[in-house]
Amino acid sequence: MKRTFISLCMMAALGLSANAQSFVETFDANSLGWTESAGESNSGTAIIDKGVMTIKSKGDSKFMRLAANLNGNAKGSENTAFETHCYAPLDVKKPFEIIANVKMDKLDLERQAGMIFNYRDFGNYYAFVFNKESVTFLRFVDNRCVGSITQDIKWGKAEKGKQEQVWKLISDNGELQFFVNDMEILKVRYMPLDFTGIGFYTIGKQTLVVDDVTFTQR
């Protein structure tokens, strides 16, 4: 009884309902079918081993410059972003939350990282991508960037340059919020979700290690 009471109090503090259901991906096995690439790609690798997923991209970043030009072509051969994804155990039409514990190389203007979601395939998805100065929301349809929102980030002293981070994506009533270490860095409204694919980006010569991912239906 005490454990149930404590759990309910914790859920209330986190803003979750008593009916919220969670699934934790610990990468002890690839139960969600994350895409893995051990080196056959020219742009990077994604490997699950020893309870973590490690994503590495190999080249200099062209991705954000492409995104800035809404007529730019974002096919994989023309940018150096590298991604891995799965199809999450979520109903994206209802409120949900995704939390990921990650470690990465230090961010700069070329080394970037981010989360993709509403992913149908590599040509159709949304993304939050950020570097040391700004965060960008991107919307791709049929391999073309059809919309973007960019906002400067003012890191606090405790967060500036920090390489261990907690990422959180909240979707609720048509509003998307993206947090880094409990700091909201971007909010986007009126973006409908249709697909359960979610994943991670690395851009430039970046390494991202994902320790675990928690999917919660709110």
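Two strands are taken to pair if DSSP finds at least two bridges between them, and the strands themselves are DSSP runs (E, at least two residues), numbered from the N terminus. With that convention, I shall begin at strand β14. This is a predicted model, in which local features need pLDDT of at least 70 and side-chain atom pairs count only at pLDDT 80 or more, while totals for chains, interfaces and linings use all residues. Residues are numbered from 1 along each chain as its sequence is written, and side-chain values use heavy atoms, with hydrogens and water left out.

Strand β14 covers residues 207-217, and 8 of its 11 residues are buried, so the strand is largely enclosed by the rest of the structure. Buried here means under 20% relative accessible area, exposed means over 50%, and partly exposed lies in between, with a 1.4 Å probe and protein chains only.

Which strands pair with β14? Strand β1 (residues 21-25) does so in the antiparallel sense over 5 bridges, with phenylalanine 23 opposite phenylalanine 215. Strand β3 (residues 52-57) is antiparallel to β14 and joined to it by 4 bridges; there, isoleucine 55 has leucine 208 as its bridge partner. Strand β5 (residues 96-104) is also antiparallel to β14, with 9 bridges, and phenylalanine 96 stands opposite glutamine 217.

I turn next to an open sheet. Its 6 strands follow the order β4-β13-β6-β7-β8-β9, with antiparallel pairing. At its edges lie β4 (82-87) and β9 (144-152), each of which pairs on one side only. Direction ignored, neighbouring strands of this sheet are turned by 15° against each other on average; the axes are lines fitted to C-alpha atoms, and angles run from 0 to 180 degrees between N-to-C directions. Within the sheet, β6 (residues 112-121) and β13 (residues 197-203) are antiparallel over 6 bridges, and tyrosine 119 has glycine 197 as its partner.

Strand β7 (residues 124-130) contains phenylalanine 130. Is this residue buried or exposed? Phenylalanine 130 is buried, at a relative accessible area of 0%. Counting heavy atoms within 4.5 Å as contact, and leaving aside residues up to four places away in sequence, phenylalanine 130 touches residues including Met104, Trp155, Trp167 and Phe178. Valine 129, also placed in β7, is buried at 0% relative accessibility. Its C-alpha atom is separated by 4.1 Å from that of glycine 114, 15 residues apart along the chain.

The next topic is the cavity. On a 1 Å grid over the protein atoms alone, a cavity is a set of points where a 1.4 Å probe fits but cannot get out, and lining residues have an atom within 4 Å of a point. Grid points are joined across faces, edges and corners, and a volume is the space filled by probe spheres set on the points. The count is 1 cavity of 30 Å³ or more, and the largest has a volume of about 30 Å³. Among the residues lining it are Phe96, Phe117, Asn118 and Thr196.

Finally, two loop residues. Most residues other than glycine have a negative phi. Lysine 50, in the loop between β2 (44-49) and β3, has a positive phi of about 55° and is exposed, with 79% relative accessible area. Aspartate 182, in the loop between β11 (175-180) and β12 (183-189), has a phi near 70° and counts as exposed at 65%.

Notes: 1 Å grid on protein atoms, 1.4 Å probe; cavity = no way out; pocket = protein on both sides within 12 Å on 5 of 7 lines; lining within 4 Å.
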